[in-house]
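Me: I should like to discuss the terms used for this structure. Please set each value against its definition.

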Amino acid sequence: MCEDWRDRFAETPDVLKSARLQQTIVQVMDFEIGGDEFITMAGPCSVETESQLLATADHVRRAGARILRGGAFKPRSSPYAFQGLGLEGLKMLARARQESGLAIVTEVMSEIDVPLVAEYADILQIGSRSMENYSLLEAAAHSGRPVLLKRGMVATIADMLHSAQCILDFGNPRVLLCERGIRTFETSMRNTFDAAAIVLLKQASHLPVIADPSHAAGHRNLVPPLARIAVAAGADGLLVEVHPHPDKAWSDGEQSLDFAGFDGMMADLGPYLALRERPRRERVQSWRETVESCSMEAVG
Ligand code: PEP
Ligand code: MN
């Protein structure tokens, strides 16, 4: 790793690459995040009805997703907007998990809800608005579940690494960093997708990096091209909103792909994923050699 990043992020040493740890691999069910496979997490912004969720799970699984997303507890800008189905939504996620075999990622907004959400979720999502809620980070860390940490919309990369470091300090090394766009002076998109942050995080940190082009863009037409950029930038996976009828979605319909749109995005990612494969295998090989030579030195 470039020494500059060690200096710049000196306050968060445990999330940085070292000779001992070049890449964290997070095992979820029978697959790995941060390893060779590019992992797609897809599903609706909010869990709405059982038929909506089961149809989406079935479709995204066939198209190659490994993880179903869907919010049961929703952070909304307006107190009058739909706040999520809560426990009823978690039960629908459990049913979708059972029927599709997909793992579940869902947001937890309050430390009080962590034990409940952790019963149903394979991965706990910490939303952008909660990135610096340290009591929530502590509770999420203690659940033992992997934590998908979304970048705060006005958080610097150093801020995000601070929150990640906290989760590690609280004893949970299974952290996924998620770039989901940041606020800038640009108003034609919901946020500004920070592709450079993905590149930087992949250089500086051993934690897997997930890209969320849906919240970054806010427009469904921008999602597939941003997903391709995310792959080229070195992301380990994607978090994408998909809905059977985006125009009828209870939240974030404008940025949700319909099924055909999701299929198209996945197909168009193919050549980018093929390009990613070889160099990755070589990189993994070279860090394995580094680790082996370090441990041999330690023995010798
Ligand atoms: C979401 O994933 O639906 C969400 C609310 O994301 P963010 O926290 O990034 O706004
Ligand atoms: Mn959303």
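Me: Why is Cys45 called buried?

Reply: The model is predicted, so local features need pLDDT of at least 70 and side-chain atom pairs count only at pLDDT 80 or more, whereas totals for chains, interfaces and linings use all residues. Residues are numbered from 1 along each chain as its sequence is written, chains are lettered from A and ligands numbered from 1 in the order in which they are written, and side-chain values use heavy atoms, with hydrogens and water left out. Buried means under 20% relative accessible area, exposed over 50%, and partly exposed in between (1.4 Å probe, protein chains only). Cys45 has 4% relative accessibility and therefore counts as buried.

Me: What makes Cys45 a donor of the manganese ion (ligand 2)?

Reply: Donors are N, O and S atoms within 2.8 Å of the metal (3.2 Å for Na, K and Ca); water is not among the atoms, so sites may look incomplete. The SG atom of Cys45 meets this limit together with His215 (NE2), Glu241 (OE) and Asp252 (OD), as these protein donors lie 2.1 to 2.4 Å from the ion. Along the chain their spacing reads C-x169-H-x25-E-x10-D. Cys45 belongs to the loop between strand E3 (39–43) and helix H2 (50–62) and Glu241 to strand E10 (residues 237–241), so the pair ties together parts 196 residues apart in sequence. Helices (H or I, at least four residues) and strands (E, at least two) are DSSP runs, numbered from the N terminus.

Me: Is Glu241 buried or exposed, and which side chain does its own side chain contact?

Reply: Glu241 counts as buried, because its relative accessibility is 0%. Its side chain makes a polar contact of 2.7 Å with the side chain of Gln255. A polar contact is a pair of N or O atoms within 3.5 Å; within protein, one must be able to donate a hydrogen and the other to accept it, and residues adjacent in sequence count only if both atoms are side-chain atoms.

Me: What is unusual about the phi of Asp252, which is not a glycine?

Reply: Most residues other than glycine have a negative phi. Asp252 has a positive phi of about 55°. This residue lies in the loop between E10 and helix H10 (259–299) and, at 14% relative accessibility, counts as buried.

Me: Why is Met29 called partly exposed?

Reply: Met29 has a relative accessible area of 36%, and therefore it is partly exposed. Met29 also has a positive phi, of about 45°, and lies in the loop between strand E1 (26–28) and strand E2 (31–33).

Me: Which polar contact joins Arg151 to another side chain?

Reply: The side chains of Arg151 and Asp194 are joined by a polar contact of 2.9 Å. In addition, a polar atom of the Arg151 side chain lies 2.9 Å from the backbone oxygen of Ala155. Arg151 is located in the loop between strand E7 (147–150) and helix H6 (157–169), and its relative accessible area of 4% makes it buried.

Me: How many disulfides are there?

Reply: A disulfide is a pair of cysteine sulfur atoms within 2.5 Å. By this rule the count is 0. Cys166, for one, is in no disulfide, with the nearest cysteine sulfur, that of Cys178, 18 Å away.
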